[in-house]
Amino acid sequence: MSIWNKKTVSKELVKKLTDRYKIDPITASILSRRDITSGQDIMYYLEDDLRFQHSPFLFSTMEDAVDRILDAKENGEKVLIFGDRDVDGVASTTLLYTALKELGFDDDHVEYRLPEGDDAYGLSMQAVDDFAQAGGTLIITVDCGISNNAEVAHAADKCIDVIIVDHHNAPDMLPEPAVIVNPKVPGSGYPFQDISGCAVAYKLACALRFSKTELYKQDICLLHVRPINEAYTVECIKIRNLVPVDQLNETIVPGTISIEQTRLIPFLDGQQIFVWNAELTAKQLGRIFGTGIEFNMLDMQPEIGKIMPSVADKSLLTLKDMSKIAFYKDGPASEIEGFYNLFVTYAQKMQAKTWPADSKAEEADLQLVMLAAISDIMPLQNENRIFVRRGLDVLNEGRARAGLKELLARLCTPGKRITSTDVSWIITPTLNAAGRLGQPELALRLFLAETPAERDALAEKIISLNTERKQKTEEAWVLGKSAAENVKANGGNLCVVIDERIDRGITGILASRLMQCCNVPTLVVTFIDNGNAVGSMRSCREYDATVFLNQFGDLFLNHGGHTYAAGFSFKKERLQEFTDRIAQLAPAIELAAPDETINVDAELPPQYMTPDLLKLVDRFEPFGAANKQLTFMSKSLPISDIQVLGKTERQHLKITFNCGTGKCPIKWPAMFWGEAERLHRDRLGKNDRLDILYHIQRNTFNGMETPQLILLDLKKSE
């Protein structure tokens with residue numbers, strides 16, 4: 001029996017959010033119940049502009065990675081992009097390979113490689129040796145590499161440099177020598193850890209595009225003077241690659257100290273000084289330090305005004321309150337921060353104007369980033385929300401990139417609005433089938449093929465592989481379900497399935513299904529032709545899969561992954577050691593208690609239930625990890641019709657409710673999937689009134705979209 005929980009929220013907080021961010025009370029109450037109350041978090045629910053994403057140069061190693069790639073281009077070196085077989089790996093490889101081709105690498109100087117057949121995950125010794133024999137000097141791993149210590153060292157022995165572009169949990173010992181771009185590595189500098197491997201590759205591509213501008217690696221100081229009573233405050237932000245690296249505020253009473261006694265001279269040394277309104281700034285500095293001191297300043301006001309005419313005649317005092325980024329800052333915005341935000345926007349607009357093809361390439365990139373985020377179950381928070389929304393918007397506007405366009409034509413109903421749920425349940429599983437069945441290059445070629453005919457053929461082949469994958473999954477489910485009784489033997493904490501009949505490409509799917517069925521972490525292990533065992537782990541209930549697998553480090557050939565999804569391999573002859581250690585460790589696993597609570601985002605009276613609610617739902621899209629579908633509660637809704645649908649064993653309940661107000665109430669259709677037996681069990685009938693929990697979705701039929709309710713639970717009204 002589920003528990004309905006409508007968290008009490010402060011009316012004062014709801015009003016504060018409503019007034020501060022100009023949103024309706026229902027949206028404010030939902031944000032409050034989900035503990036999304038800071039401006040920086042709310043921003044990602046209300047804004048879609050790419051200006052709100054994090055700079056790629058927040059990665060402390062990004063400049064090193066860009067410089068090494070630029071050196072390879074200048075010196076005519078051969079580069080290998082090594083990816084992974086899943087959607088994230090294929091998308092990452094596609095994105096970076098395309099970016100290097102755009103940068104000027106030709107077919108003789110950049111190539112890609114993915115694990116094929118029974119190849120292990122990650123960079124292999126064989127791949128390093130093959131590349132060395134071909135005269136290669138730089139390997140870039142994408143969506144892998146962070147655990148390939150031996151392979152990276154072997155590459156160094158072959159005089160091959162390695163750049164690791166990854167997002168998996170970092171081991172205690174990092175690969176050396178390598179340039180590592182990974183948000184989960186200590187000291188990465190990146191403010192948001194949970195982006196996909198493809199998103200990290202996208203950040204590298206963005207940084208490479210920025211390297212074409214005059215601002216790349218330039219040390220710039222933005223300076224502003226602000227009068228305060230009898231004194232002046234000199235505010236400075238030092239930036240490099242549009243990222244703040246230092247800040248200085250000096251408040252000075254004119255005539256009391258010389259400039260040598262301030263911190264300004266060492267701070268400004270070697271910097272280009274940019275100001276807003278150079279004439280006024282020079283006068284203010286003259287009042288502070290005297291007219292004998294000259295500052296070499298560039299006035300950005302007329303330059304920015306050419307690109308953004310609306311700001312040309314305004315002061316920084318006015319502009320700081322016009323900034324959307326400042327709008328979401330929890331504290332008051334300063335004038336120098338407003339200047340910085342304005343300068344970054346200007347630089348990005350100038351880049352887009354100078355290289356318009358880059359903007360089109362970025363649109364294609366974001367579709368790949370969207371696929372990877374959903375496929376790899378990245379939390380739909382922070383900048384992931386912008387990536388996924390932008391990717392979905394492009395699809396729904398009919399501008400799908402090559403390859404994805406051909407796949408969508410076969411998988412999705414024409415005219416239907418594509419959501420994150422469609423991507424998760426239909427599109428990415430199909431793409432993943434190629435890698436699961438040992439042919440990931442088919443998916444890569446689908447995105448890279450130049451002719452529609454070739455892409456059509458590849459799309460058909462991948463869909464055929466997905467049909468085969470489904471059959472293998474059902475066969476594996478029969479094997480796994482019968483073996484899953486070992487949960488009790490493992491103290492009720494762990495499900496372990498070991499069967500050589502399971503296809504290695506299905507271990508992750510089977511582990512996920514068993515984990516959901518048993519509600520405990522699950523390991524699925526099979527064997528491959530080279531004498532190794534390979535396995536997947538899927539976890540739940542706040543238990544970290546990588547922490548568990550680290551306890552087998554001396555036994556595994558390799559292992560790694562994410563908190564809730566990881567993989568591993570070991571020699572088949574060590575199977576007994578593996579099972580013995582499982583038996584030893586399983587009883588000590590500590591899992592969070594199962595939670596049968598359904599959290600309610602908002603209670604809607606019948607008069608609020610109009611089709612306009614879809615606009616509210618759209619604002620909280622995309623739904624997925626860390627951003628569940630909105631759950632609404634309504635009470636005392638009258639049933640106008642009720643019927644059972646379906647001819648199979650699993651029948652459904654369709655209920656129509658009278659909602660809205662006036663003489664013509666709105667009729668809302670509601671589906672209760674697989675719950676036909678509730679009709680008799682709960683003695684439901686016309687004219688009964690029900691309290692219900694539900695999602696709101698679109699139903700598309702014959703090209704027509706209508707709103708409908710998806711019921712989660714119901715009970716007769718008191």
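Among contacts in the chain between residues at least 6 apart in sequence, what percentage join residues at least 24 apart? In this predicted model, the share of those contacts that join residues at least 24 apart is 66%.

Begin with the whole chain on display, where 25 helices and 23 strands can be found, and where the C-alpha atoms fill a box of roughly 90 × 75 × 55 Å along the principal axes. The radius of gyration is 29 Å, which agrees with the value near 27 Å that a compact globule of 718 residues would have. If you colour the residues by burial, 53% of the 718 are buried, while carbon and sulfur atoms supply 49% of the roughly 32,700 Å² that the chain exposes.

Next, select Asp143, which sits in the loop between β4 (138-142) and α7 (149-157). Asp143 is not a glycine, yet its phi is positive, near 60 degrees; with a relative accessible area of 0%, this residue is buried.

Move on to Leu242, in the loop that runs between β8 (231-240) and β9 (243-252). Here too the residue is not a glycine, and phi is positive at about 70 degrees; Leu242 counts as buried because its relative accessibility of 11% falls under the 20% cut-off.

Then select Glu176 and Pro177, whose connecting peptide bond is cis, with omega near -10 degrees; Pro177 belongs to the loop between β5 (161-165) and β6 (179-181).

Finish at Glu621 and Pro622, which are joined by a cis peptide bond with omega at about 0 degrees, and note that Pro622 lies in the loop between α24 (613-620) and β19 (632-645).

Note on methods: Residues are numbered from 1 along each chain as its sequence is written. This is a predicted model: local features need pLDDT of at least 70, side-chain atom pairs count only at pLDDT 80 or more; totals for chains, interfaces and linings use all residues. Side-chain values use heavy atoms; hydrogens and water are left out. Helices (H or I, at least four residues) and strands (E, at least two) are DSSP runs, numbered from the N terminus. The radius of gyration is taken over C-alpha atoms; the globule rule is 2.2 Å times the number of residues to the power 0.38. Buried means under 20% relative accessible area, exposed over 50%, partly exposed in between (1.4 Å probe, protein chains only). Contact means heavy atoms within 4.5 Å. Accessible areas come from the Shrake-Rupley method with a 1.4 Å probe; for residues, only the protein chains shown count as cover.
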